[in-house]
Amino acid sequence: MIKMKNLVGGYKNTPIIKGLDLEIEQGEFFALLGPNGSGKTTLFKLITGQLPIQEGEILLSGKEIASYSKFEKARKVSVLTQEIQISFDYTVEEIISLGRYPHQKGVLKQLSKADQKIIVDVMEKTKISHYRHTPFRMISGGEKQRVLLAKALAQEPEILLLDEPTNHLDIKYTFQILDLLKEQQQETGLTVLAILHDLNVASLYANRIGLLEKGKLLEVGRVDVLRKEEQLKKVYDVEVKTQSHPSVPKPQLLMTPGHMITEHPIDFYNSYKIVKNSTYIHVQFDQALRTVSNGVIGEGIQWLNHFCNFHVDKHYNCSNPKKDLQDWMNMYNIPHEQAVGMMTAVNLDDMVMETREIEGIPMMIIITAGVGNAIDITNEYVANPSIQIGTINTMLFMDAHFTDGALVNGYMSATEAKVKALQDLQVKDPESNTIATGTSTDALLLGLTQQGERTPYAGSGTVVGKGIGQMVYHATKKAVKKYLKRVQR
Amino acid sequence: MLSSFTRKYLANKVVWLYIFAGGLVLGTTLLGLLESSVTIPIPTILHIVSEKIFGIAWLSDVPKNVEMIIWNIRLPRVLLALCVGASLALAGAAFQGLLRNPLADPYTIGVSSGAALGAVFVIFFQLTIIGLGSYTLPVVAIVSGLITLFAVFGLVRLSSRSLAIETIILAGIIISAFIGALTSLIISLGDQDSMTQIIYWLYGSVAMRGWSHVQLIIPFMIVGSFILFIHYRELNALALGEEAADHIGVNVKRGKLFILIGASLLTGAAVAVSGTIGFVGLVIPHLVRLVTGPNHKHVLPLSMLVGGAFLILADLLSRTIVAPSELPIGVITGLIGAPIFAILLVKERISGRG
């Protein structure tokens with residue numbers, strides 16, 4: 001569709017684009033990325049003809065772009081830029097009808113029936129029909145951009161060039177515009193070449209991206225190019241971390257500010273408050289902890305301050321535990337968005353809490369345990385999935401700094417220690433009469449202050465892994481014993 | 001269904017506007033012929049006009065002096081007012097479309113004073129360029145108007161990148177001041193008599209011109225308005241800004257040049273025959289846009305009609321308000337136009353740039 005060969009161009013004497021090769025396929029959504037001053041807009045102006053090509057060539061459908069007349073080009077290529085100022089009170093429909101300019105024929109150059117139909121069509125597509133007689137200046141920024149998109153589509157282009165079309169829009173309108181574009185691309189085979197500032201938005205919408213730096217393309221490829229953190233760091237000079245979007249298989253970037261707020265070092269033992277009564281245990285830290293957990297709420301890897309374990313009746317109807325936990329937390333003024341929430345039917349008086357310093361790492365553990373529901377995970381029969389009394393809820397807090405990998409590693413270590421504790425206590429799965437590995441609904445969380453040196457591993461071969469193991473083993477044993485004692489009574 | 005209905009309604013509305021504007025021109029023309037120190041009955045007026053133009057006569061014994069008054073004095077005066085008003089209003093509409101601002105007008109951006117300098121030069125030194133004959137006056141006025149326009153734009157370019165209207169008006173004032181000094185210099189070279197005459201001429205007037213001046217303006221008016229009419233779509237597209245207009249396939253450079261030439265033809269010719277009459281090009285397109293909306297397809301022709309009618313009325317006012325003596329017509333248009341200019345300026349500043 002568009003092919004650039006060894007392209008050089010820009011302003012007189014100082015070419016901004018310095019030798020660029022790029023081919024954009026028919027029907028693809030190509031996003032051009034790069035920091036300010038990398039030449040994105042210049043490249044655009046070379047395509048639109050606002051700046052002269054000094055060397056190389058741009059081919060549009062195989063033909064030199066300069067050989068097209070203005071009309072021919074406007075019938076093939078249309079442009080949508082950032083919001084433009086429109087003088088006088090033209091109505092929305094009048095603005096859109098300007099898109100038919102390159103198609104109008106005859107001496108009088110009137111809008112034909114066919115023109116009118118296209119105008120009505122694009123207004124419907126972009127959902128602005130109800131504004132058709134409203135003055136353009138009266139509508140909001142996001143709606144204006146939709147009108148300008150309609151105008152660009154009224155040109156019936158094969159290629160749509162976008163120069164940061166959503167720069168000044170809020171996320172609602174940004175996604176609205178881009179969804180509209182994506183729809184056009186997929187339904188009509190429109191080719192889209194877009195300059196986008198927002199790397200995450202580009203990742204979600206583009207088929208391919210090109211990373212421009214100092215007038216040259218550093219890399220062209222699928223959006224997974226954005227996973228190259230080092231490269232992005234070099235180009236943008238910002239600390240970035242690539243993650244995957246939680247529901248779409250696309251990379252998303254997280255930026256780290258240059259000056260991290262260095263708060264006073266936390267004195268671990270004095271940085272938390274614990275409330276414990278017969279209904280709940282609530283541990284509140286002054287600062288958010290890096291947390292990995294499988295709690296009913298607050299699951300996954302996050303930064304959280306509040307850690308709760310709520311007591312429920314053994315006949316608790318667990319049809320909507322998430323909602324119940326949120327309601328309870330609201331009742332006790334605990335912000336559930338910043339909390340891990342667990343549930344147990346175990347008597348909270350049997351809670352075990354220990355603090356220890358292992359190899360210079362202060363740790364604190366809180367466990368409630370019940371094994372009425374103990375299960376050997378290796379057994380073949382399927383467990384009864386309803387919550388019964390007896391679950392092991394573990395919260396382990398550490399004054400250490402873990403990578404995400406170490407968090408998962410530590411999670412393994414804690415689990416291994418729990419299994420060992422059950423084994424040593426000869427807790428059995430009542431169905432199979434073999435040694436249980438856990439209960440059907442165990443919950444575990446690790447919370448880290450992220451102070452000190454970063455640790456990449458926390459398995460059983462490491463000091464910290466061993467520490468986790470010892471803490472969990474001892475506390476679990478103690479808690480299970482307390483539970484067994486109560487059951488025997 | 002609804003849309004075709006509304007479209008029909010709109011089409012009708014526009015048709016009615018044209019009929020109204022046409023009626024306005026005819027009505028004011030008749031009024032201009034009728035009303036003066038000597039009142040001549042309408043049938044007599046119609047008789048004279050139809051006899052002269054179509055050779056159809058039905059009244060006998062029309063006095064020769066009445067015929068003289070109507071045909072040689074009032075009709076050319078009214079027609080000249082019509083042409084000048086139409087030209088200035090159309091030029092104003094074009095400048096406003098081109099510069100994307102309702103504050104533009106041949107007078108406010110300095111073209112009028114440039115054309116006036118050329119005209120004063122020709123009149124004072126009684127120049128005749130060989131081959132042009134009496135058309136020397138409008139041609140020199142048009143050329144000097146165009147040169148002034150480019151001087152103003154050059155000054156704007158030097159001082160700021162964008163063609164902000166405030167800068168253009170400021171540059172217009174600077175160039176106008178300079179040109180005014182040159183004009184005064186030329187005038188002061190002459191004697192008392194010609195000085196008074198030229199100063200009075202500069203205020204703007206359509207009195208005592210006759211058919212020769214109507215002949216002078218008409219060819220330029222036709223060519224100028226034709227050029228502008230065929231560029232109405234470009235004027236609409238320029239509302240998007242030059243860059244965006246380029247993106248929809250408009251040849252912006254060529255379009256701008258033609259529009260500037262067309263508007264300068266109209267302004268220069270109007271100034272050559274009537275002096276500097278200000279603000280017609282500012283007020284009329286603004287009023288027209290209020291009714292029709294900004295589409296130049298209708299703004300241009302309707303501005304022409306309404307502008308012509310407006311100037312006939314202004315002329316009528318200028319010769320009746322202090323009768324038997326006369327006011328320069330520029331005084332009337334200035335008294336009406338300057339306050340509207342001020343209101344527009346305030347409105348523009350409040351609503352932000354646009």
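The following exercises, each with a worked solution, concern a predicted model of two chains, A and B.

Residues are numbered from 1 along each chain as its sequence is written, and chains are lettered from A and ligands numbered from 1 in the order in which they are written. Because the model is predicted, local features need pLDDT of at least 70 and side-chain atom pairs count only at pLDDT 80 or more, whereas totals for chains, interfaces and linings use all residues.

**Exercise 1. The open sheet of four strands**

Task: Determine in which order the four strands of the open sheet of chain A are arranged, and what packs on this sheet.

Solution. Helices (H or I, at least four residues) and strands (E, at least two) are DSSP runs numbered from the N terminus; two strands pair if DSSP finds at least two bridges between them.

Step 1. The order is 2-1-4-5 in chain A, with antiparallel pairing. Strand 2 (14-24) and strand 5 (63-64) of chain A are the edge strands, each pairing on one side only.

Step 2. Strand 1 (residues 2-11) and strand 4 (residues 53-60) of chain A run antiparallel and are joined by six bridges. Within strand 4 of chain A, A:Ile53 is the bridge partner of A:Gly9.

Step 3. Helix 1 (residues 40-48) of chain A packs on this sheet and touches strand 1, strand 2 and strand 4 of chain A; contact requires C-beta atoms, placed from the backbone, within 7 Å. The direction of helix 1 makes about 70° with that of strand 2 of chain A, where axes are lines fitted to C-alpha atoms, for helices over the stretch in contact, and angles run from 0 to 180 degrees between N-to-C directions.

Step 4. Seven of the nine residues of helix 1 of chain A are buried, so this helix is largely enclosed by the rest of the structure. A residue is buried if 20 or more other C-beta atoms lie within 10 Å of its own, exposed if 12 or fewer, and partly exposed in between. The buried residues include A:Leu43, A:Phe44, A:Leu46 and A:Ile47. After helix 1 of chain A comes A:Gly49, with a positive phi near 90°.

**Exercise 2. The open sheet of six strands**

Task: Describe the pairing in the open sheet of six strands in chain A, and establish how strand 8 of chain A is placed.

Solution.

Step 1. The strand order is 6-7-8-3-9-10 in chain A and the pairing is mixed. Strand 6 (77-80) and strand 10 (216-222) of chain A each have a single partner strand, so one side of each is left without a neighbour in the sheet. From one strand to the next, the twist averages 15°.

Step 2. Strand 7 (residues 159-163) of chain A pairs with strand 8 of chain A in the parallel sense over five bridges, and A:Asp163 stands opposite A:Ile195. Strand 3 (residues 29-33) of chain A also runs parallel to strand 8 of chain A, with four bridges; here A:Leu32 stands opposite A:Ile195.

Step 3. By contrast, strand 9 (residues 208-213) and strand 10 of chain A run antiparallel, joined by six bridges. A:Glu213 stands opposite A:Lys216 in strand 10 of chain A.

Step 4. In a regular strand the side chains alternate between the two faces of the sheet. In strand 8 (residues 191-195) of chain A, A:Thr191, A:Leu193 and A:Ile195 point one way, and A:Val192 and A:Ala194 the other way. Five of the five residues are buried, so strand 8 of chain A is largely enclosed by the rest of the structure.

**Exercise 3. A buried leucine**

Task: Explain why A:Leu446 counts as buried, and state which residues are in contact with A:Leu446.

Solution.

Step 1. A:Leu446 is located in strand 23 (residues 443-448) of chain A.

Step 2. A:Leu446 counts as buried because 28 C-beta neighbours lie inside 10 Å.

Step 3. Leaving aside neighbours within four places in sequence, the contacts of A:Leu446 include A:Val292, A:Leu396, A:Leu407 and A:Tyr411. A:Asn294, 152 residues apart from A:Leu446 in sequence, is 9.9 Å apart in space, C-alpha to C-alpha.

**Exercise 4. The contact between the chains**

Task: Characterise the side of chain B that touches chain A.

Solution.

Step 1. Chain B contributes 20 residues to the contact and chain A 23 residues.

Step 2. Helix 9 (232-238) and helix 10 (242-247) of chain B are the elements that give two or more residues to this side. The largest share, three residues, comes from helix 9 of chain B.

Technical notes. Nonpolar A, V, L, I, M, F, W, Y, C, P; charged D, E, K, R; others polar.
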